[in-house]
Amino acid sequence: MSDGLASFPALRWFQCLGARALGSVMPSRVLAVAGVACAITATPAIAQIPDSLQVTDSLLVADSLALDSLALVQESDSVSADTIFYNLPRVEGRTPVGYATGIWEWDRDRIMASGANTLAELFQEIPGLITLLSGDYGTPLSMSAFGQGGAGYRVIRDGFEVYPVDGGVADLQRIGLAGITQVRLDRSLGQMLIVLRSHQHEDGRPFSVIEAGTGDLSTNMFRGIYADPTALMGSIAVGLERIDSRGVAQDEAGNRTGSWVRYQLHLRDRAGIAFEMRRMGAQTEVPLYTSDARRTDLMVRASMIVTDGVVLEGYTGRSSYDVVSEQEGFEGVGGSRSQHGGSVGLDLGPFWANGSIRVFDGEVPSQSVEASGGFVRTETGGVSGRFWQGSLNGETIANLASRAWVGPFAGVTLFGAYQAGQYGSRDGPIADDALNPPEIPPTGIVPGTVAITDRTTVRAGATFTGWGVTLGGAALYAESDLALPLNTEIDKGAPVEPGVHRNGYEGMLSLPMPLEGLTLDGSYQWWDEEGPYLPKEVYRGSFEFHRVFKASGNLELWGSFGVRGHDPMLSFVPDDGAGGPGALARVPFFQSWYTRVQVRVVTVRLFLGWENFTVRRNNQNYPDRLLPYARTFFGLRWDLWN
């Protein structure tokens with residue numbers, strides 16, 4: 001947006017009208033948040049020229065957005081950005097990302113470039129990871145790697161644990177991306193860890209992001225945030241997101257709608273306090289699942305830098321799960337639970353260490369203690385580890401994870417990882433009357449109880465990087481005494497199964513192509529024995545293109561053409577509705593060819609995506625729960641400094 005256009009209040013109200021028009025399909029409480037954003041953005045303000053357009057000494061700008069009409073921007077026409085902005089200190093881990101460590105990370109730019117609407121969509125290109133969908137948007141959503149089921153992953157957002165409110169893992173359909181500026185995935189074999197960070201101010205100017213799109217199956221998508229680093233004697237940020245679809249078949253329409261509000265007070269960058277609310281609801285017409293359920297997380301968080309290299313953080317919060325449903329069997333479902341905790345982070349040059357404690361009101365769990373740390377030298381390698389201990393229904397369980405890597409030497413890095421211990425999975429919602437459940441029966445998990453499994457995993461391998469080529473491979477070993485269902489609505493009531501010992505290997509590659517910016521990327525994972533959520537073969541392959549054009553950097557292009565798939569897979573299924581136990585069922589092989597294109601001109605991104613363009617009609621992760629045959633999706637994403 002040019003400086004002249006952005007300065008008109010009328011245009012600001014025009015932007016707000018778009019958000020208000022969206023209210024025809026949004027709950028009233030979401031409109032309240034939209035009203036706050038409109039009221040703030042509609043106030044008179046001087047628009048700022050994006051950093052990519054700011055020039056001095058009468059520099060000729062030949063690659064700006066208005067290529068024909070704007071030929072010269074002079075120093076006198078630009079307005080320097082307000083440099084006053086603060087962020088709360090954060091306790092961070094320092095294990096480097098990469099295939100060798102098994103850690104992947106996305107910043108805000110990479111999240112937008114991915115085109116993901118959910119965390120599962122963001123993770124679907126990770127080697128060996130399988131997203132577990134029970135239908136289209138609005139239906140339960142989770143993921144698995146290395147055969148993990150219940151307790152297969154944890155989610156931490158700004159230090160607050162996004163605890164499962166109905167089952168053994170958090171439903172990813174009810175965790176939003178609005179206002180999330182960093183995502184970090186630790187793909188450990190025993191239990192994965194997802195760390196989310198909310199918006200960090202990067203500039204003293206107010207900042208907005210608008211993402212809107214539409215596509216097949218009557219799909220519509222909107223996601224937006226507004227952040228002001230110098231408002232109301234502190235800083236504020238609000239966010240909205242919604243995506244809806246008519247679903248795969250008749251009577252399967254669904255949507256997910258979320259909102260986010262945060263207000264912070266700052267003592268410069270050394271200390272601060274944040275008041276935050278996040279809500280995400282999922283609605284579906286599929287009779288198998290709750291028609292309307294909402295998760296709300298309220299949190300107050302404070303942090304401070306005690307001295308150089310030492311950060312303290314504390315919080316208190318409450319998670320609520322509300323079900324609005326007239327369906328039979330959902331009476332009494334829902335509830336709330338409080339969570340209090342604190343953490344300390346130490347950064348001592350190449351050494352780092354973090355510690356945290358969390359206390360919950362209830363028995364599942366009642367408290368947990370976690371410690372992590374390591375030693376990192378970029379030139380020679382490093383080591384890191386994590387220890388967790390908690391109390392579930394009065395029983396103490398613990399697990400640990402460790403990894404080490406050496407190199408690179410002559411382009412070669414050797415690595416290894418070990419994880420072992422006990423992991424507990426809960427069944428049922430956090431209803432207040434389920435906090436003192438009966439004992440666990442030998443055949444399964446009674447709602448409100450916990451099943452505990454022992455897992456031991458090993459990963460060892462090497463990577464090579466040189467001449468633009470990256471190759472990696474690892475041997476894998478995983479064993480557990482029990483295979484646990486997720487115990488969300490997807491497989492509620494399914495009994496636990498005996499665990500198995502598995503040996504496997506995985507590999508990855510990234511090869512440069514003759515065309516500048518084009519690479520061939522791929523990964524492959526093989527196991528000697530299949531198991532629940534563990535097909536014998538999992539594969540990914542794609543041509544990836546990314547290049548920035550023009551000296552100004554104002555033109556950028558991304559492109560993907562690839563395939564993801566896996567062999568037939570065993571999935572847990574719920575009981576038969578007549579009191580009979582659930583069981584394992586096999587679903588056919590999965591394969592989806594896809595293509596994505598996204599172009600950025602200054603701060604505007606236009607995108608187009610096409611999933612399953614070969615129109616395979618038998619893709620499913622659970623029996624008889626078919627996934628969309630195909631979907632095209634297109635729209636825009638726009639950063640606004642104003």
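The following exchange covers selected residues, a nonpolar core and a sheet in a predicted model.

Biologist: Is Gln525 buried or exposed?

Modeller: Gln525 lies in strand β26, which covers residues 518-527. Its relative accessibility is 2%, and the cut-off for buried is under 20%. Gln525 therefore counts as buried.

Biologist: Which side chain makes a polar contact of 2.9 Å with the side chain of Gln525?

Modeller: The side chain of Gln525 has a polar contact of 3.1 Å with that of Glu506. Glu506 is also among the residues that Gln525 touches beyond four places in sequence, a list including Phe146, Arg187 and Lys536. The contact at 2.9 Å is with the side chain of Trp527.

Biologist: Which helix gives the most residues to the largest nonpolar core?

Modeller: The largest nonpolar core has 52 residues, and those with the most contacts inside it include Leu119, Phe123 and Met143. The helix that gives the most to this core spans residues 119-123 and supplies four residues. That helix is α5. As background, nonpolar side chains in soluble globular proteins tend to be buried together. The name asked for is α5.

Biologist: Which residues does Trp106 contact, leaving aside neighbours within four places in sequence?

Modeller: Trp106 is one of the residues with the most contacts inside the largest nonpolar core. With those neighbours left aside, its contacts are Ile111, Leu122, Phe123, Ile126, Thr181, Gln182, Val183 and Leu185.

Biologist: Why does Ser134 count as buried?

Modeller: Ser134 sits in the loop between β2 (129-133) and β3 (141-145). Buried requires a relative accessible area under 20%. Ser134 counts as buried because its relative accessibility is 0%.

Biologist: How many Å apart are Ser134 and Asp491 in space, C-alpha to C-alpha?

Modeller: The side chain of Ser134 makes a polar contact of 3.4 Å with the side chain of Thr139. Beyond four places in sequence, the contacts of Ser134 include Tyr289, Ile490, Tyr622 and Arg625. Ser134 and Asp491 are 357 residues apart in sequence, and their C-alpha separation in space is 9.9 Å.

Biologist: Which are the edge strands of the open sheet of five strands?

Modeller: The strand order in this sheet is β1-β6-β7-β4-β5, and the pairing is mixed. An edge strand here pairs on one side only. The edge strands are β1 (103-107) and β5 (160-161).

Biologist: What is the bridge partner of Arg157 in β7?

Modeller: Strands β4 (residues 153-157) and β7 (residues 192-198) run parallel and are joined by five bridges. The partner of Arg157 in β7 is Leu196.

Methods
Residues are numbered from 1 along each chain as its sequence is written. This is a predicted model: local features need pLDDT of at least 70, side-chain atom pairs count only at pLDDT 80 or more; totals for chains, interfaces and linings use all residues. Side-chain values use heavy atoms; hydrogens and water are left out. Helices (H or I, at least four residues) and strands (E, at least two) are DSSP runs, numbered from the N terminus. Buried means under 20% relative accessible area, exposed over 50%, partly exposed in between (1.4 Å probe, protein chains only). A polar contact is a pair of N or O atoms within 3.5 Å; within protein, one must be able to donate a hydrogen and the other to accept it, and residues adjacent in sequence count only if both atoms are side-chain atoms. Contact means heavy atoms within 4.5 Å. A nonpolar core is a set of buried Ala, Val, Leu, Ile, Met, Phe, Trp, Tyr and Cys residues joined through side-chain atoms within 4.5 Å. Two strands pair if DSSP finds at least two bridges between them.
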